[in-house]
Amino acid sequence: MISPVPPRGATGATGPAGATGATGPAGADGPPVRVIVFSQGLTGASETWTNMPAATTEFLSDSNRRANVDLSGTVEARLSLRTGGVAAPANAKLAVQYSTDSGSTWAYLDGSAGPSCLCDATTTNAVGSWVTVAAGAKTDTLLRIVGAGGNGTADPIFTRIQLETR
């Protein structure tokens, strides 16, 4: 014969917390930071964008500065630049675009409008914000710099344009 289970009594007070357990293993390192230089002046000094246009245009209208880069595993990117004392009009900027079809079509690296940096009269050394790289760019891609917001007469000077990825 099985004995019936007696009813439970009231629950007692909670005891003190136990000791902290061992620390777990460290997580994997993130992707390394890479720097891709698009312009350091053809003579190592500076490059002038004569009559920087208002419309989105490839930097110096020159496809020779494009870079083939494998962005597999890349999470974020940011653009930085240094001007050479003569800058573009207010709100002019440079940004990064990518292509996965050898330059037939282009999209911004973050899928929206960046990464980007102002290159206007208030800028001499600019570092843009980190942006999330679009999923479609996380492969072997072709990158280029574009500018927008010029006035067709200003001649901004650039001494360095670079992209960092991580």
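These are my notebook entries on a predicted model of one protein.

**Ground rules**

I number residues from 1 along each chain as its sequence is written, and my side-chain values use heavy atoms, with hydrogens and water left out. Since the model is predicted, I accept local features at pLDDT of at least 70 and side-chain atom pairs only at pLDDT 80 or more, while totals for chains, interfaces and linings use all residues.

**Entry 1: overall build**

I began with the secondary structure and found zero helices and twelve strands. My helices (H or I, at least four residues) and strands (E, at least two) are DSSP runs, numbered from the N terminus. Read from that end, the elements go β-β-β-β-β-β-β-β-β-β-β-β.

Next I looked up contacts, meaning heavy atoms within 4.5 Å. Of the contacts with a separation of 6 or more, 83% are between residues 24 or more positions apart.

Then I turned to the surface. The accessible surface comes to about 9500 Å², and 51% of it belongs to carbon and sulfur atoms. These areas come from the Shrake-Rupley method with a 1.4 Å probe; for residues, only the protein chains shown count as cover. I call a residue buried under 20% relative accessible area, exposed over 50%, and partly exposed in between (1.4 Å probe, protein chains only). On that scale, 38% of the 166 residues are buried.

**Entry 2: the core**

Which residues have the most contacts inside the largest nonpolar core? I noted Leu 94, Leu 109, Leu 143 and Ile 161, in a core of 28 residues. A nonpolar core here is a set of buried Ala, Val, Leu, Ile, Met, Phe, Trp, Tyr and Cys residues joined through side-chain atoms within 4.5 Å. The elements giving two or more residues to this core are S1 (34-39), S4, S5 (76-83), S6 (93-99), S11 (140-148) and S12.

**Entry 3: cysteines**

How many disulfides are there? I counted zero, taking a disulfide as a pair of cysteine sulfur atoms within 2.5 Å. For Cys 117, the nearest cysteine sulfur is that of Cys 119, 8.7 Å away. That is too far for a bond, so Cys 119 has no partner in Cys 117. Cys 117 is buried, at 4% relative accessible area, and Cys 119 is buried too, at 0%.

**Entry 4: aromatic rings**

I then hunted for ring pairs and found two. Rings of Phe, Tyr and Trp (its six-membered ring) pair if their centres lie within 6.5 Å; planes under 30 degrees apart count as stacked, over 60 as edge-to-face and the rest as tilted.

Trp 49 and Phe 59 make an edge-to-face pair, with 5.4 Å between centres and 80° between planes. Trp 49 sits in the loop between S2 (47-48) and S3 (57-58), and Phe 59 in the loop between S3 and S4 (67-70), ten residues apart. Both Trp 49 and Phe 59 are buried.

Phe 59 also pairs with Phe 158: their centres are 5.4 Å apart and their planes at 80°, so this pair is edge-to-face. Because Phe 59 is in the loop between S3 and S4 and Phe 158 in strand S12 (residues 157-165), the pair ties together parts 99 residues apart in sequence. Phe 59 has 2% relative accessibility, and Phe 158 has 0%. Ring pairs thus join Trp 49, Phe 59 and Phe 158 into a cluster.

I also checked for charges over rings. Arg 166 lies over the face of Trp 130, at 3.8 Å from the ring centre. My rule for this asks for NZ of Lys or CZ of Arg within 6 Å of the ring centre and within 35 degrees of the ring normal.

**Entry 5: three single residues**

For contacts in this entry I left aside neighbours up to four places away in sequence.

- Thr 50 lies in the loop between S2 and S3 and touches Ala 154 and Asp 155. Its C-alpha is 4.5 Å from that of Asp 155, 105 residues apart along the chain.
- Ser 80 is in strand S5 and is buried at 10% relative accessible area. Ser 80 is in contact with Cys 117, Ala 126, Val 127, Arg 160, Ile 161 and Gln 162.
- Gly 150 is in the loop between S11 and S12 and is buried at 8%. Gly 150 touches Met 52, Pro 53, Ala 54, Pro 89 and Ala 92. From Gly 150 to Asn 91 I noted 8.3 Å, C-alpha to C-alpha, for residues 59 apart in sequence.
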